[in-house]
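Let's walk through this structure together, starting at the ligand and moving outward to the sheets around it. Keep the viewer open as you read.

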Amino acid sequence: MKTPKLFGLHAKPGGWFGFFLASLPFLLLIIVYMIASDARLAINPNDKVLPSFSHMADAIVRMATKPDRRSGDLLLWSDTFASLRRLFIGVGAGALVGLMVGLNTAIFPGLRAMSRSFLTFLSIIPPLTLLPILFIAFGVGETAKVMLIFIGTVFVISRDLHLYVLQLPKEQITKALTLGASDLAVTYRIVLPQIMPRLIETTRLTLGGAWLFLIAAEMISATEGLGYRIGLVRRYLAMDVIIPYVLWITLLGFLLDWLLRLAVARLYPWYRTGKE
Amino acid sequence: MNGEQIRDGLRKSSLLHIEDVYKRYGSKTILDDIDLSVASGEFVTLVGPSGCGKSTLLRLVIGQEAPCGGSILMEGEPLGPPTPERGVVYQNYSLFPHLTSIENVTLSRRLALQPWQWHSRKKTILEEGMHYLEKVSMADHAQKFPAQLSGGQRQRVAIAQALIQKSRILCMDEPFSALDPGTRESLQMFLLELWEETKMTFFFVTHDLEEAVYLGTRLIALSQYYTDDRNPEAPRGAKIVVDRKFGPSDHAVSPSVKSTAEFASAVQEIRKQAFDPHYLQHVTSFDLSHPMSWVTHNAGEVAGEQPVQPGPGR
Ligand SMILES: Nc1ncnc2c1ncn2[C@@H]1O[C@H](COP(=O)(O)OP(=O)(O)OP(=O)(O)O)[C@@H](O)[C@H]1O
Ligand SMILES: [Mg+2]
């Protein structure tokens, strides 16, 4: 039987053809942009809305290599560093606290009874509505921004891990007890190692939301950061900076996602085996 | 001797003593006044129709759940939550997915240590673990995770994992039920060899009657298909309807017994007594011929009976 390459249920687009198929939508997007940009620039060479690729390249090289006149920093790098720092601290704290809360409330019925309604209540508050409160409480410095990311991620992570632990077969806990595990050993030596890959996966999925909170907080109040820069140059309609910045953020997000996926595969080889 | 004296003696002398045990889920009675004493070294097999409460009884014995009435004693002491003196092997989930075979087998040893003691004891513990893996012919798979093993291999490792802790009684819930006939037979042989060698007490749940008759020195059938003097409409839970001695009590028999006429007729008989919904024996005429067997009857079950009946085998 001949397997079709593109159409139907049994198609197997592989090799170079598969690569070509994957690149096609990107190529189309770039071509459409170029046509639109050329058309606008032909009418008005000073048009700022759809800058040409060379224009954007100039702008981003300038941001990356020329010290800023006012602060003397290489803006692209100092912005990236500031943003990633906030993101890592916020998401890291969210993952750590989420892990501990999710794990312990799932294992110990007493803690579960005490925390369930409260955690559900907290998790339903839209984090962005807390932003003004955070700015008032913690000032406009780093704490408020990190707190927003923390609040935006911690409940998702703790609830997901809580449910995941509850789904582990009850037999496993009994089994561990019959092997001599204490309550704490069951929690931290049997269950904790089993949910680590899930923690990384959940964290990976919350990164999208974390970026949202980061950019939002930076646009409202900051002195550096990727979101701050985009918000700042928006006033001058500097699309030649905004578009590369958006692409850069996307690339960073993509890299983080890839690294976390790699970490799960490398550190926890047992996690995927048997599920595929 | 009257029944009460026998029961009181067994309460102290038997390894596992189950007395007047009930289990209900909601309004549904699953186990209806179970009485059972198990001596050390017995290979007890427990059979019964699907859903009759075999796993429930096993969970009570391990301590995963508590009975709604009655008492369960282990060497004369009331049972608490699960402890290492009662080991367990399940049909699934006995192995921890994040640990390799050798890590699974040595887990009970490692749990007995604080993490910082591990380094100095590592060598002896791993050697012991490998010894047990060799025993179950799984030494070549020591570094594999459970997901990388076949069902039969997983059960071998699970048995090694439970054996290493040297519990007083090893409970198994249909450990071979998901295996193909060949693997299953070889694991049955293997389990009998182990039992002969270690003199451990096994409590083995299965829904396969032939497996139960072949493996056990004592066969217990649990069934909800019986009658008594209670209102016929009254809801009933399962009772022990068969308690019989099989084979020699100290050494295993060869699988060739399976083709004898005696074996076939025993299987036929128990199938009728425990698995046939239309064959209802009265509570006073159960086949409780095992020498350790004794029963009490609860109110109304038997009109005008003495409270404790020794097994007819006595
Ligand atoms: N946690 C529970 N809540 C409510 N009902 C339960 C629970 N566990 C078991 N049951 C019921 O108790 C009965 C006995 O279940 P059990 O698992 O002990 O049967 P079994 O004899 O082991 O059956 P099988 O041979 O299919 O494994 C079933 O009718 C089941 O629906
Ligand atoms: Mg069962």
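## Around ligand 1

In this predicted model, the shell around ligand 1 is built from chain B residues: Tyr25(B), Lys28(B), Ile30(B), Ser50(B), Gly51(B), Cys52(B), Gly53(B), Lys54(B), Ser55(B), Thr56(B), Arg59(B) and Glu174(B). Sorted by class, that shell holds 3 nonpolar, 5 polar and 4 charged residues.

Which elements supply at least two residues of the shell each? They are strand E2 (28–38) and helix H2 (54–62) of chain B. H2(B) gives the largest share, with 4 residues.

## Polar contacts and cover

Three neighbours in a row along the chain are worth a click. At Gly53(B), a polar backbone atom sits 2.9 Å from an oxygen atom of ligand 1. For Lys54(B), the contact is made by an N or O atom of the side chain, 2.7 Å from a ligand 1 oxygen. Ser55(B) also uses a side-chain N or O atom, here 2.6 Å from an oxygen of ligand 1.

How much of ligand 1 does the protein cover? On its own the ligand has 640 Å² of accessible area, and the protein covers 61% of that.

## The four-stranded sheet

Strand E2, already met at the ligand, also belongs to an open sheet of 4 strands in chain B, ordered E2-E1-E4-E5 with antiparallel pairing. E2 and strand E5 (77–78) of chain B are the edge strands, each pairing on one side only.

Strand E1 (residues 16–25) of chain B is joined to E2(B) by 7 bridges in the antiparallel sense. To find the register, look for His17(B), which stands opposite Ser37(B) in E2(B). Helix H2(B) packs on this sheet, where it touches E1, E2 and strand E4 (69–74) of chain B, and its direction makes about 125° with that of E1(B).

## The six-stranded sheet

Chain B has another open sheet, with 6 strands in the order E6-E7-E8-E3-E9-E11 and mixed pairing. Its edges are strand E6 (86–89) and strand E11 (239–245) of chain B, each of which pairs on one side only. On average, neighbouring strands here are turned by 20° against each other, direction ignored.

Within this sheet, strand E3 (residues 43–47) and strand E9 (residues 218–223) of chain B run parallel and are joined by 4 bridges. One pair to look for is Val47(B) with its bridge partner in E9(B), Ala221(B).

H2(B) turns up here too: the helix lies across E3, E6, strand E7 (169–173), strand E8 (201–205) and E9 of chain B, running at about 150° to E7(B). The helix that lies across these strands also packs on the four-stranded sheet and supplies 4 residues to the shell around ligand 1.

Definitions and conventions: Residues are numbered from 1 along each chain as its sequence is written. Chains are lettered from A and ligands numbered from 1 in the order in which they are written. This is a predicted model: local features need pLDDT of at least 70, side-chain atom pairs count only at pLDDT 80 or more; totals for chains, interfaces and linings use all residues. Side-chain values use heavy atoms; hydrogens and water are left out. A residue is near a molecule or strand if one of its heavy atoms lies within 4 Å of it. A polar contact is a pair of N or O atoms within 3.5 Å; within protein, one must be able to donate a hydrogen and the other to accept it, and residues adjacent in sequence count only if both atoms are side-chain atoms. Accessible areas come from the Shrake-Rupley method with a 1.4 Å probe; for residues, only the protein chains shown count as cover. Ala, Val, Leu, Ile, Met, Phe, Trp, Tyr, Cys and Pro count as nonpolar, Asp, Glu, Lys and Arg as charged, and the others, Gly among them, as polar. Two strands pair if DSSP finds at least two bridges between them. Contact means heavy atoms within 4.5 Å. Axes are lines fitted to C-alpha atoms, for helices over the stretch in contact, and angles run from 0 to 180 degrees between N-to-C directions.
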